[in-house]
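Hi everyone, thanks for making time today. I'd like to walk you through one model, starting with its cysteines and then moving out to the rest of the fold. Let me put it on the screen.

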Amino acid sequence: MHCSLSLNLFMIQRVLITEAAIAVIDELRDMHGPLMFHQSGGCCDGSSPMCFAKGEFKTGGSDVWLGKIYGCDFFMSADQFAYWQHTQLTLDVVPGRGSSFSLEIPMGVRFMIRSRIFTIEELPELSTVRRGDDY
């Protein structure tokens, strides 16, 4: 008997995470509960991924859900996604303090994105995205 799955269980994730970012998320979860991320694509600190308590940042039709990283939903503004849709993102942390409203700022670290362009072979295998207001 031949079975085929309509869902590819081995899709390539659009967002990854480093061990350092996992450690910071663990601390933030202890303080704030479930978390979410949003990357707006604004200038200066607005282009850094920001961490919020889940539901504290309202998403809508101008946002794209890229997936979950370490149990946290990750959103990006649709305008920025138009430029970054062929790029795999990796959430990381670095020492320093930004001037945003992201939850990690008082810890003396800030989230940042490392990226790489997907290969042509990877493009058909990318995980699906959803509009922020559909999520």
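Let's begin with the disulfides: there are zero in this structure. Please keep in mind as we go that this is a predicted model.

So why is C51 not bonded to C72? The closest cysteine sulfur to that of C51 is the one in C72, and at 6.3 Å it is too far for a bond; a disulfide would need the two sulfurs within 2.5 Å. Seen from the other side, C72 is in no disulfide either, with the sulfur of C51 as its nearest cysteine sulfur. Are these two cysteines buried or exposed? C51 is buried, at a relative accessible area of 0%, and C72 also counts as buried, at 0% relative accessibility.

Both cysteines turn up again around F37. Leaving aside residues up to four places away in sequence, F37 touches C51 and C72, and also I25, M50, I69, D73, F74, F75, L91 and F111. F37 is one of the residues with the most contacts inside the largest nonpolar core, a set of 22 residues; the others named there are L66, F74, L91 and F111.

Which elements build that core? Those giving two or more residues are α1, at 19–32, and the strands β2 (35–39), β4 (63–69), β5 (72–77), β6 (87–95) and β7 (109–117). The top contributor is α1, with four residues. There is also another core, lying apart from this one, with five residues, among them M36, M50, W65 and F75.

Let me step back to the whole chain for a moment. It has two helices and eight strands, and from the N terminus on the order is β-α-β-β-β-β-α-β-β-β. The chain has 135 residues, of which 44% count as buried. Among contacts with a separation of 6 or more, 63% are between residues 24 or more positions apart.

Now to the sheet. Five strands form an open sheet in the order β3-β2-β5-β4-β8, and the pairing is mixed. The edges are held by β3 (50–53) and β8 (130–131); each has a single partner strand, so one side of each has no neighbour in the sheet. Further in, β4 and β5 pair in the antiparallel sense, over six bridges. If you'd like a spot to find on the screen, look for G67, which stands opposite F74 in β5. Packed on the sheet is α1, which touches β2, β3 and β5, and its direction makes about 120° with that of β2.

My last stop is R14, in the segment before β1 (15–17). This arginine is buried, with a relative accessible area of 11%. What does the side chain of R14 reach? The answer is the backbone oxygen of S127, at 2.9 Å. S127 is also on the list of residues that R14 touches, again not counting those up to four places away in sequence; the others are L66, F81, Q85, T87, Q88, L89, F118, L126 and V129. Take V129 from that list: R14 and V129 are 115 residues apart along the chain, yet 8.9 Å separates their C-alpha atoms. And L66, which R14 touches, is among the residues with the most contacts inside the largest core, which brings us back to the middle of this talk.

That's my tour, and I'm happy to rotate the view for anyone who wants another look.

Notes. Residues numbered from 1 in each chain as written. Predicted model: local features only at pLDDT ≥ 70, side-chain atom pairs only at ≥ 80, totals over all residues. Heavy atoms only, no water. Core = buried A, V, L, I, M, F, W, Y, C linked by side-chain atoms within 4.5 Å. Buried < 20%, exposed > 50% of the residue type's maximum accessible area, 1.4 Å probe, protein only. Contact = heavy atoms within 4.5 Å. Pairing = 2+ DSSP bridges. Axes fitted to C-alpha atoms, helices over the stretch in contact; angles between N-to-C directions. Polar contact = N/O pair within 3.5 Å; in protein donor to acceptor, adjacent residues only side chain to side chain.
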